[in-house]
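Here's a quick tour of one strand and the loop just before it. Have the model open while you read.

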Amino acid sequence: MSVQFLQLLGLAARARKIVSGEELVVKEIRNNNAKLVILASDASNNSSKKIQDKCTYYNVEYHVFGDRYQLGTAIGKEARVALAITDSGFAKKMSSLLNEK
């Protein structure tokens, strides 16, 4: 579990560069606003498939990371299954952190 990554998520959330919630994330992907998508490991199969298919179709990088409670806590909200990072700077840094492991 990357503490640095979770802290970065919190920072991005305070900067209002994160969209959370399945439907809103799908909308951001469709509108080409999502630079990186984070999916909780305990997301339902239906949600996972829907978001992964959208990411693949719209060529958006996605990672499965942590569970819904860790993602929610990191951004100061309740449990969240999907997060979309809408800022390319944050997305680049998070992507490099996630690709390290």
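## A strand with two partners

Start in the middle of things: I38 sits opposite H63 in β3. Keep in mind that this is a predicted model. Over in β4, the bridge partner of I38 is L83, so to speak its other handshake.

Zooming out from I38, here's how β2 (36-39) pairs up:

| Partner of β2 | Residues | Sense | Bridges |
|---|---|---|---|
| β3 | residues 61-64 | parallel | 4 bridges |
| β4 | residues 82-85 | antiparallel | 4 bridges |

The parallel pairing of β2 with β3 belongs with another feature: β2, helix α3 (residues 45-57) and β3 form a right-handed β-α-β unit.

What about the side chains of β2: which point one way and which the other? L36 and I38 go one way, V37 and L39 go the other, and all of them are buried.

Now step back to the loop between α2 (22-30) and β2, where you'll find A34. Is A34 buried or exposed? Its relative accessibility is 8%, and because the cut-off for buried is under 20%, A34 counts as buried.

What does A34 touch, once residues up to four places away in sequence are set aside? The contacts are E28, I29, V60, A84 and I85. Two of these names, A84 and I85, fall within β4 (residues 82-85). There's also a long-range pair to look at: A34 and S88 are 54 residues apart in sequence, yet their C-alpha atoms are 8.7 Å apart in space.

Notes. Residues numbered from 1 in each chain as written. Predicted model: local features only at pLDDT ≥ 70, side-chain atom pairs only at ≥ 80, totals over all residues. Heavy atoms only, no water. Helix = DSSP H or I, 4+ residues; strand = E, 2+ residues; numbered from the N terminus. Buried < 20%, exposed > 50% of the residue type's maximum accessible area, 1.4 Å probe, protein only. Contact = heavy atoms within 4.5 Å. Pairing = 2+ DSSP bridges. Right-handed = clockwise from strand over helix to strand, strands pointing away.
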